[in-house]
Each structure stands twice: as structure tokens, then as C-alpha cells.
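Reader: I am new to this structure and would like a close look at a single part of it. Could you choose one strand and walk me slowly through its surroundings?

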Amino acid sequence: MADAVDAPKPRLATAGDRAELQAFACSLGLWYEDEVEEHIRQEALDSAAWRAPHTGHRLLVYETVDGIVAVGAHEVGDLTSGGVLVPNTYVGLVAVRLDYRRRRVAVAGEPRVGEYVLDSVIADAKEQRPDDRLIYASTAKENAPSLRLLHSRGFIRERAHPDPRFIRRLGTLPR
Amino acid sequence: MITARPLVSKREILETYRPGREPADTLFRSLRNNKLVSDGLQVTLPQAGGRLGGSVRIYCALSKDAARLARQGQSDEARALARVANRIEGSRPVKQLLAMIEETVRAEPVANTEDALASVFRHLIGRRRDLWKSMAELTTRIEKERAASKALASQLSFYGVVARIGAEGTVEIVEDRGSRRVMLPLAELAEQGLGQLGDAVAIHWESFGRGRVLTEAEPALRLDPTDYRPFLDSRLELDADDLAALLDEEPTVEIRQPLLTARP
């Protein structure tokens with residue numbers, strides 16, 4: 001674990017994080033990374049405040065001594081069957097700051113920071129909504145690292161996304 | 001920017017022509033024979049597996065306005081508007097848009113019905129960033145034609161987003177570029193697949209005289225580049241069998257860090 005980083009500490013984002021989030025860098029210039037970065041910089045805080053009362057949205061920031069190094073979010077997704085909402089969790093966001101990308105976390109199993117954040121988001125969602133059985137996320141079909149991350153964490157079913165450039169990945173949670 | 005959709009289905013034209021009545025093909029043939037609506041454009045709908053699943057026709061949105069004028073007895077004005085609609089249907093942005101619609105339905109086949117096509121507009125077309133340029137060109141041109149038509153002067157339009165859902169079964173819609181607010185019954189919006197927070201809505205008011213006003217709400221388009229984030233779009237409908245199979249399977253996701261996240 002020579003190069004492993006200390007476990008980033010998660011907490012709910014607050015208005016005081018605005019300046020740091022406005023400078024958050026998680027894109028190397030790929031269009032799907034640009035979209036996420038732009039969202040985090042310009043909209044994520046306000047969007048979270050607006051959505052929270054309606055969807056249980058939780059925007060989490062992950063801090064180390066270097067400041068906010070990752071962001072994650074989940075909420076109750078608009079997953080329906082026969083027009084009826086099915087209890088579920090939608091993972092809307094997992095983003096790692098560029099200088100923390102691919103680095104490992106000094107905890108058991110040495111997950112990469114992205115894996116660690118997704119694990120934490122899943123755990124937080126389960127704590128908020130213990131009865132949820134379905135969990136899903138959307139990612140660009142071109143985003144191979146994101147697809148690998150989701151698959152490694154059990155999001156193994158695929159469903160179409162309204163935007164053909166994207167795909168949904170679903171998993172089932174334990175009771 | 002929120003704007004009306006540039007293309008509509010036959011059903012939507014008929015619903016404007018005869019509000020509250022079941023759309024009938026005979027009525028539409030009559031409108032077509034009298035050149036009171038445009039010629040329309042054919043969209044090929046493939047089935048799953050790439051086979052052709054049939055086709056439907058879609059029309060420049062001005063055909064809805066032409067149908068409205070026809071109902072009001074303004075046939076000459078309706079024909080003039082239908083001619084403008086024909087020209088727009090032959091324009092480059094519409095051809096680009098059609099190609100993209102067909103590409104979209106190839107990627108996600110839809111049922112061979114007009115309602116399905118309307119659904120394609122609501123759920124797919126308005127969310128493709130690569131469509132926005134064509135859409136913006138088209139909607140701007142259509143709005144200019146509407147504004148230039150004296151016959152449409154008694155019609156008011158309002159574009160906004162669903163900002164609040166009231167416990168009393170109403171929805172509050174806030175104007176996109178202004179501060180006006182409108183309350184509408186949730187049940188009526190739900191009929192159009194609307195009524196969720198953030199939905200873009202177009203509302204048209206048409207004077208019937210002596211204090212009577214017809215209010216028509218329909219899905220609108222958001223063309224602001226920052227409006228839509230596909231990774232935040234969680235709308236997903238599972239059929240009952242699919243859902244049952246998913247719920248029946250062994251958990252695929254493991255809870256690895258149950259105590260890590262700080263409580264609020």
C-alpha cells in the first residue's frame with residue numbers, strides 16, 4: 001500500500017463547498033467527462049438542493065487533506081413498472097478528481113478511489129432506503145472505465161437509455 | 001430556451017381540429033383533400049432486429065395552427081399556413097431532423113403507432129444535443145411564421161417548466177423567459193405524459209369569445225445546452241416480467257462499507 005491514499009472522508013455537500021466544486025477537475029477532455037465536470041462545477045449543488053425534497057437526492061463530497069477529491073450522488077430514480085414507482089436507488093454521479101484518478105485507497109482490498117466512492121454511495125443509499133432492491137446508473141457507452149467500474153460492483157444488467165449514446169446498468173441489492 | 005415542438009403527429013392535428021373528440025381518419029382526409037394541412041413527411045419505423053415495422057407521417061407544427069384556423073372557419077388563412085408548412089417540411093433542417101429521428105428509432109425501436117412517435121419526440125428527440133441546432137433553426141422559423149400570421153393573433157402561447165406540484169392536484173408552471181405563473185390540473189398534464197418537476201410545457205390559449213378560452217397543454221422542447229444531463233436521467237420503465245425477474249435474482253451488488261458515510 002505504498003502509494004495508497006488515506007480513505008477520503010464522505011459527507012453531505014453544503015453551500016460552503018461551492019467555490020471548491022466550481023474548480024473541481026475530473027475531465028481530460030472527453031465529451032462525457034466534460035458533461036460531468038460541467039455539472040459538478042455549475043449545477044450540482046443547486047440541483048441537489050432542488051431535488052432533495054422530491055427525490056431524496058444526496059450529494060456527497062469526499063475529502064482528504066487535499067480537499068474535495070471525489071463527488072458522488074444518489075436519489076430515488078424514476079423507475080416505474082405499469083406506471084407505478086418501484087422502490088429503487090439511482091446513482092447519478094461518481095466523479096474522481098484528476099490527481100486522485102486510479103489511485104488506491106488504504107483500506108481493506110485497496111479499492112481504487114472510484115470503486116471506493118461507488119461503494120460508499122451504495123452504502124449510503126442502502127442506509128437511507130434499506131428496502132430498495134434495485135439500483136442503477138447511466139453511463140456513456142464509450143466510457144469503458146465507468147462500465148468496468150459498474151460491472152465490478154454488480155451493475156451487470158443492461159437496459160436502453162433514451163439517449164442512444166448512453167446505456168443504463170442495473171444491479172440488485174441484498175435485502 | 002423552451003419552445004414548441006417543430007413536428008407533430010396526425011393525432012395531435014386532429015385533437016386541435018376537434019378538441020375533446022376521438023381523432024378520426026375521415027376528418028383528416030377531409031382536411032388533406034381541402035389542403036387545410038400540409039403533406040407531411042414519412043418516417044420509417046424499424047422493429048427490433050432491424051426489420052421494417054411500417055411508417056407514419058409527421059407534420060410541420062404549423063399544420064396544427066392551420067387546423068385550428070380551419071375549425072374557426074378561416075379556410076383561406078388555413079390553406080396559406082399549410083402552404084408555409086409544406087415549404088418548411090421540404091427544408092434542410094427538417095430533412096436533417098428526419099434523418100436523426102430515424103436514426104434514433106433504429107437505436108431504440110418503437111411500436112408502429114402515432115402515439116409512439118409522439119413518445120419518441122417527448123423522450124428522445126428533445127434530449128439529443130446533436131439535434132438542437134436543427135431544432136432551434138426550425139422552431140425559430142415556425143415562431144416567425146406564427147407571429148406573422150394575423151389570423152393567429154387571438155392565440156396566446158406560454159412556454160415554461162413544471163415548478164411545483166400542489167397537494168390539491170394542480171401543477172404550477174413558471175414561464176421560461178419571464179415571471180408569469182400558470183396553474184393547471186395535474187390530471188390533464190398527465191394525459192400528455194407531463195407533470196413531473198422540470199418538465200417543459202407549452203400552453204396555448206385560444207379565445208372562443210364571450211369569455212370562453214380553450215387551454216391546450218403539450219410537451220415542449222428544451223434547447224438550452226445545459227438543460228439536459230443524460231447521466232442524471234433516471235426515467236426507466238420496466239415491464240412486469242422484467243421487473244419480476246430482476247427482483248427474483250440473487251443480489252448482484254454487495255454492501256461493502258456500511259458505516260463509512262457520515263450521517264447528516
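Author: What follows is a description of one strand of chain A and its pairing partners. The model is a predicted one, in which local features need pLDDT of at least 70, side-chain atom pairs count only at pLDDT 80 or more, and totals for chains, interfaces and linings use all residues. Residues are numbered from 1 along each chain as its sequence is written, while chains are lettered from A and ligands numbered from 1 in the order in which they are written.

The strand in question is β2 of chain A, which covers residues 58–64 (strands being DSSP runs of E with at least two residues, numbered from the N terminus). Five of the seven residues in β2(A) are buried, which leaves the strand mostly covered (buried: 20 or more other C-beta atoms, placed from the backbone, within 10 Å of a residue's own).

One pairing partner is strand β1 of chain A, residues 9–12, which runs antiparallel to β2(A) over four bridges (two strands pair if DSSP finds at least two bridges between them). Within this pairing, Leu60(A) of β2(A) has Leu12(A) standing opposite.

Strand β3 of chain A, residues 67–75, also pairs with β2(A), again in the antiparallel sense, and here the pairing extends over seven bridges. Val61(A) has Val71(A), in β3(A), as its bridge partner. Along the chain, two residues lie between β2(A) and β3(A), and these two strands form a hairpin.

Taken together, β2(A) is a mostly covered strand that pairs in the antiparallel sense with β1(A) and with β3(A).

How values were computed:
A residue is buried if 20 or more other C-beta atoms lie within 10 Å of its own, exposed if 12 or fewer, and partly exposed in between; C-beta atoms are placed from the backbone.
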